[in-house]
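Subject: A structure for you to explore

Hello,

I am passing a structure on to you, and I hope you enjoy turning it around on your screen. Please have a look at it first and then read on.

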Amino acid sequence: MDSEENAGPGWGIFWMVVTGILFVGVTALVKTIGARLPAAETAFLRYALGLVLLIPVIPAIRRAAISPRLWAVFFGRGAVHTIGVAMWFYAMAHIPLADVTAMNYLSPIYVTIGAALFLGERLALRRLIAILVALLGAVIILRPGLREVGPGHLAMLLTAFSFGISYLLAKVATGKVSPMVVVAMLSLTVTVGLAPFAALNWVQPTWLELATLTAVAVLATAGHYTMMLAFRAAPMSVTQPMTFLQLVWAVLLGTLVFGEAIDPYVVLGGLVIVGSVSFITWREALLKRRGSKPLSTPVSTATKV
């Protein structure tokens, strides 16, 4: 694809909308599997079946100069991402699509906090206020004391936190090896990390379940590729607000296909979180144009794999 012909805000918005549709397709397919298979096994099969997509990256992995410290980063990231992925698949089987989508928007907020605590980034007052507003959005979604907060919601809180740590570790690895190697090593380490948990309570999957999880791996890979095209075409300050459409698709899909009731509090809380993340992204883009050091808050979908 010619990046010159497909550059500009319009193309960036287009590719980010496509990215959102692909990732919602991932959640919809996982939702159809349900809870018959244990969450760890479902997650393991998704990653194991997706390993075939990494075959073209094998030469790059063999050529990469991976130091002992970088190996530690890769394995550390694989460990925390393993927890996040298992919890995400568990949440998908137990709470509505809209809840999963809305709460996953918290990952960039955790990244911003972690970057300030561990990477020495300055947490300005405006960013701090935006973080507090995003956490308020999470409270609106969960409404503790007003409704039962089940294990699925707690699993999503842990998922967003784990994905945030994973992204920070990816930032450490980026620049030392190619992005392809970073993604490939994550897939390999998560597959290995999930294997023993899947084996502990193995349930024989059907051919339909295997085919569905293969499609999940393909859609997720395609989603990361179109997200890269979006970033190449337009700044994140333009593409970030488009991520709210994922919540729209998730609400429509949950209602029309899975018969889930529309919860206005979940929609409101999700929009509050997306607005906060978009504000932080816009401020970082503004600071970057002024010559300040770029910060570490990712686009919402960047923390997914």
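Below is what was found in it, beginning with the whole chain and moving on to single residues.

First, some ground rules. This is a predicted model, so local features need pLDDT of at least 70 and side-chain atom pairs count only at pLDDT 80 or more, while totals for chains, interfaces and linings use all residues. Residues are numbered from 1 along each chain as its sequence is written, and side-chain values use heavy atoms, with hydrogens and water left out.

The whole chain

The protein chain has 13 helices and zero strands. Here helices (H or I, at least four residues) and strands (E, at least two) are DSSP runs, numbered from the N terminus. Of the 305 residues in the chain, 51% are buried. Buried means under 20% relative accessible area, exposed means over 50%, and partly exposed is in between (1.4 Å probe, protein chains only). The chain exposes about 14,100 Å², and carbon and sulfur atoms supply 72% of that area. Accessible areas come from the Shrake-Rupley method with a 1.4 Å probe, and for residues only the protein chains shown count as cover.

Contact means heavy atoms within 4.5 Å. Among the contacts with a separation of 6 or more, 90% are between residues 24 or more positions apart.

Two helices to look at

Helix α2 covers residues 39–50. At 1.5 Å a residue, its twelve residues should span 16 Å, and its end C-alpha atoms are 17 Å apart, which agrees. (The expected span of a helix is 1.5 Å times one less than its number of residues.) Ten of the twelve residues of α2 are buried, so this helix is largely enclosed by the rest of the structure. Those buried residues include Glu41, Phe44, Arg46 and Tyr47.

Helix α7 (residues 125–142) has 18 residues, which should span 26 Å, and its end C-alpha atoms are 26 Å apart, in agreement. Among its buried residues are Arg127, Ile131, Gly137 and Leu142. After α7 comes Arg143, with a positive phi near 50°.

Rings

How many aromatic pairs does a search of the whole structure find? There are six. Rings of Phe, Tyr and Trp (its six-membered ring) pair if their centres lie within 6.5 Å; planes under 30 degrees apart count as stacked, over 60 as edge-to-face and the rest as tilted. Phe14 and Trp15 make an edge-to-face pair, at 5.0 Å centre to centre and 70° between the planes. In this pair, Phe14 is partly exposed at 41% relative accessible area, whereas Trp15 is buried at 13%.

Phe44 and Trp202 have ring centres 6.4 Å apart and planes at 75°, so they are also edge-to-face. Because Phe44 lies in helix α2 and Trp202 in the loop between α9 (179–200) and α10 (207–233), this pair ties together parts that are 158 residues apart in sequence. Phe44 is buried at 17% relative accessibility, but Trp202 is partly exposed at 40%.

Elsewhere, Trp71, Phe74 and Phe75 form one aromatic cluster. Back in α2, Arg46 lies over the face of Tyr47, at 4.3 Å from the ring centre. A charge sits over a ring if NZ of Lys or CZ of Arg is within 6 Å of the ring centre and within 35 degrees of the ring normal.

The cores

A nonpolar core is a set of buried Ala, Val, Leu, Ile, Met, Phe, Trp, Tyr and Cys residues joined through side-chain atoms within 4.5 Å. The largest has 50 residues, and those with the most contacts inside it include Val85, Trp88 and Met156. A second, separate core of 15 residues includes Leu54, Ala60, Val181 and Met185.

Trp88 is a good residue to click on. Leaving out residues up to four places away in sequence, Trp88 touches Val26, Thr27, Val30, Val100, Asn104, Met156 and Thr159. Thr159 is found in helix α8 (residues 151–173) and is buried, at 0% relative accessibility. With the same limit on sequence neighbours, Thr159 touches Gly84, Met87, Trp88 and Asn104.

Helix α1

Lys31 is found in helix α1 (residues 9–33). Is Lys31 buried or exposed? At 15% relative accessibility, Lys31 counts as buried. Its C-alpha atom is 6.2 Å from that of Ala93, although the two residues are 62 apart along the chain. Val18 is also found in α1, and is partly exposed at 21% relative accessibility. Val18 and Met227 are 209 residues apart in sequence and 8.3 Å apart in space, C-alpha to C-alpha.

Happy exploring!
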